[in-house]
Amino acid sequence: MLQEFASAGVTDVVVSPGSRSQALALAAVALERAGGITVHVRLDERTAGFFALGLAVESGRPAAIVTTSGTAVANLHPAVLEAHHSGVPMIVLSADRPGELRGIGSNQTTVQPGIFASAVAFVREVEAPTAHGVDASTRQTLRELVRQTVAAAAGHTGQPGPAQLDVAFREPLSATLTDVEGVPDDTIDLDFARRRVHTGLPVAELTPDDDPATVVIAGHDAGEDAERIAWELGAPLLAEVSSGARFGRNLVVAYRELLRDPEFGGRVRRAVVLGHPTLSREVPALLQRADVEVVTVRGAGADPFDPSRASRLVADVRVTGRTAPSHRAWVGRWVAASRSALGDGDAGPDLGAKRSEDRAERSRFLKDEVALRRRPVDRAMLAEAVWGVTWPHDRLVLGASQIIRVADAHVLGKKIRVHANRGLAGIDGTVSTALGIAAALERTSAAVGTTRVLLGDLTLLHDVGAFVTGTREPTHRVQVIVGNDDGGAIFRGLEVAETTPPEDMARMMTTPQHVDVERVVTGLGWEYRRAATWGDLERVLTDPAERVVIEVPLAD
Ligand SMILES: Cc1ncc(C[n+]2csc(CCOP(=O)(O)OP(=O)(O)O)c2C)c(N)n1
Ligand SMILES: [Mg+2]
């Protein structure tokens with residue numbers, strides 16, 4: 001079965017240990033030795049699931065996850081849900097008891113087919129093998145099943161997402177493997193490139209409007225096409241930070257403020273939407289307006305993004321016709337207003353003064369610089385600093401909650417690969433996802449890159465299991481940067497906070513914690529750095545340490 005997965009284009013198998021799944025685990029490592037696949041061992045299934053998600057995000061291919069029976073399978077549920085809602089391919093191979101041992105209280109036995117409910121579109125049961133070895137007809141049946149599973153996960157039959165094979169094993173659960181070959185010769189390579197499902201949807205032909213009033217909205221995972229479409233339509237590009245389209249001449253960073261402004265948002269009459277916008281209230285509000293025509297390119301996730309339930313869903317957008325000076329004026333107004341809304345930002349010391357002939361000016365520059373370097377770090381500075389050190393060969397993973405919103409509101413255009421689990425915006429599995437991304441990245445031509453994770457303290461603590469790695473496993477080049485504000489600061493902004501006793505807000509919502517992050521992460525074998533000022537932060541971010549957690553106490 002694993003050879004058939006390899007021949008269908010699956011390159012990675014993530015394994016968590018267990019008795020019922022021993023045959024799959026041991027066959028996986030034998031196949032790895034024969035050069036067929038790469039195996040990753042994760043000690044707990046919750047992190048294994050997110051690790052597999054990260055592998056797939058980076059490689060575009062589904063990774064298979066092997067688990068034992070019982071609660072082990074259920075621990076994949078968060079990652080399975082995220083994969084379903086964000087349209088990331090994934091294959092679950094859950095080991096199970098054979099039929100005769102189900103429903104009679106056998107140890108570690110529950111109902112595994114259907115355990116993920118509607119989050120898995122393709123579920124099949126595989127009966128326990130009855131004899132040692134595989135005859136030709138069984139092999140043919142398995143081959144078909146495996147290809148169907150991979151095709152389902154990759155989105156060839158519906159939306160891409162998780163698929164499950166529930167594989168029964170009868171005693172004896174395994175036998176010694178001999179002569180494992182690599183991948184069979186008749187390898188097929190499914191097309192993993194197309195993450196969007198086009199079934200039945202038309203391609204929209206759009207032209208730049210006569211009286212320019214179009215905006216292009218690029219939500220999570222919109223991809224670079226969004227930038228091209230905005231350019232061709234002569235439309236401002238309202239691109240979220242994890243859209244994959246946060247760059248280009250039409251980019252409008254301060255889009256929330258401008259959408260609220262009648263002179264800008266109020267004038268919009270057409271919106272072209274790509275990806276899954278989740279970071280603002282202004283975007284759904286715009287799309288629900290009766291005077292705005294919405295054209296939405298269907299994304300990979302389970303549900304189309306359609307807040308008005310009335311948008312025109314299409315497979316893709318083709319732009320015909322040329323833009324006119326009026327389009328350049330329309331875009332120019334948005335881009336200029338965005339720049340002035342952002343202000344100069346934290347321009348830092350005036351670099352001209354550094355080279356000045358005038359001694360007084362030079363000394364003023366040095367004083368400015370010293371003051372800046374001693375400044376405590378706030379969330380916007382943190383986001384900008386991490387953004388600043390990230391380059392196209394690197395990867396950036398943003399945690400849910402405040403940090404992604406602050407990054408979205410501040411960072412300027414740059415063509416870098418940014419991921420965030422926005423399918424369900426959970427604060428779980430963020431570090432594990434990044435480790436999977438790093439594992440896949442390190443095999444590619446961008447192998448020199450670093451994967452950085454920027455997240456809040458509770459988001460880090462939610463995934464402490466990610467830091468646990470077996471001593472036999474390779475490590476990955478990951479910097480985890482945690483903005484520590486002692487709990488879920490996002491809840492301080494809730495309206496109810498104004499009328500609720502602070503003690504109740506703290507205990508029930510923000511949940512301050514006093515975890516000693518240094519002891520936790522060093523205890524788990526990771527390096528630790530602390531950056532309390534801008535100067536510290538600059539230093540630690542450019543220090544090439546691997547497997548490091550950088551704790552940044554936040555000033556605000
Ligand atoms: C798995 C999961 N549980 C709970 C939530 C609800 N939630 C959203 S943000 C948040 C707090 C996050 O705190 P932290 O990571 O410290 O970020 P901060 O708000 O301080 O920036 C919580 C509990 C969630 N999104 N996902
Ligand atoms: Mg926090």
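This passage walks through a predicted model, from the surroundings of its ligand to its salt bridges and a few features of its backbone. Residues are numbered from 1 along each chain as its sequence is written, while chains are lettered from A and ligands numbered from 1 in the order in which they are written. Because the model is predicted, local features need pLDDT of at least 70 and side-chain atom pairs count only at pLDDT 80 or more, whereas totals for chains, interfaces and linings use all residues; side-chain values use heavy atoms, with hydrogens and water left out.

A good place to begin is ligand 1. Around ligand 1 there are 17 residues, of which Ser401, Asp457, Thr459, Gly487 and Ala489 come nearest; a residue is near a molecule or strand if one of its heavy atoms lies within 4 Å of it. By class, this shell has 6 nonpolar, 8 polar and 3 charged residues. In this grouping, Ala, Val, Leu, Ile, Met, Phe, Trp, Tyr, Cys and Pro count as nonpolar, Asp, Glu, Lys and Arg as charged, and the others, Gly among them, as polar. Helix α16, residues 457-462, gives the most to the shell, with 4 residues. Helices (H or I, at least four residues) and strands (E, at least two) are DSSP runs, numbered from the N terminus.

Backbone atoms of the protein also meet the ligand. A polar backbone atom of Gly487 is 2.8 Å from an oxygen atom of ligand 1, and a backbone N or O atom of Ile490 lies 3.0 Å from an oxygen atom of the ligand. For Ile427, a polar backbone atom is 3.0 Å from a nitrogen atom of ligand 1. The protein covers 76% of the 590 Å² of accessible area that ligand 1 has on its own; accessible areas come from the Shrake-Rupley method with a 1.4 Å probe, and for residues only the protein chains shown count as cover.

Ser401, one of the residues that come nearest to the ligand, has a backbone feature of its own. Phi of Ser401 is near 80°, a positive value in a residue other than glycine, and Ser401 sits in the loop between β14 (395-398) and α14.

The surface offers a nonpolar patch formed by Phe491, Leu494, Val496, Met508 and Met509, with about 410 Å² of accessible area together. Patches are made of residues with over 30% relative accessible area and no salt bridge, like charges being joined within 9 Å and nonpolar side chains (Val, Leu, Ile, Met, Phe, Trp, Tyr) within 5 Å. Within this patch, Leu494 lies in the loop between β17 (478-484) and α17 (502-510). Leu494 has a relative accessible area of 32%, so it is partly exposed; buried means under 20%, exposed over 50% and partly exposed in between, with a 1.4 Å probe and protein chains only.

Next come the charged pairs. Side chains of opposite charge can pair when their charged atoms come close. The structure holds 26 salt bridges, each a side-chain nitrogen of Lys or Arg within 4 Å of a carboxyl oxygen of Asp or Glu. One of them joins Arg256 and Asp408, with the closest N and O atoms 3.0 Å apart. Arg256 lies in helix α8 (residues 255-260) and Asp408 in helix α14 (residues 402-410), so this pair ties together parts that are 152 residues apart in sequence. Arg256 is buried at 17% relative accessible area, and Asp408 is buried at 0%.

Another salt bridge links Glu232 with Arg228, where the closest N and O atoms are 3.4 Å apart. Both residues belong to helix α7 (residues 225-233), 4 residues apart, about one turn of the helix. Glu232 is partly exposed at 26% relative accessibility, as is Arg228 at 34%. Glu263 and Arg267 also meet in a salt bridge, at 2.9 Å from N to O. Elsewhere, salt bridges that share partners join Asp96, Arg102, Glu125 and Asp166 into one network.

Some loops round off the picture. A cis peptide bond, with omega about -5°, joins Glu171 and Pro172, and Pro172 lies in the loop between β6 and β7. Ser174 is placed in the loop between β6 (162-168) and β7 (203-206). The C-alpha atoms of Ser174 and Ala27 are separated by 9.4 Å, although these residues are 147 residues apart along the chain. Gln108, in the loop between β4 (90-96) and β5 (122-126), has a phi near 55°, a positive value in a residue other than glycine.

Conventions. A polar contact is a pair of N or O atoms within 3.5 Å; within protein, one must be able to donate a hydrogen and the other to accept it, and residues adjacent in sequence count only if both atoms are side-chain atoms.
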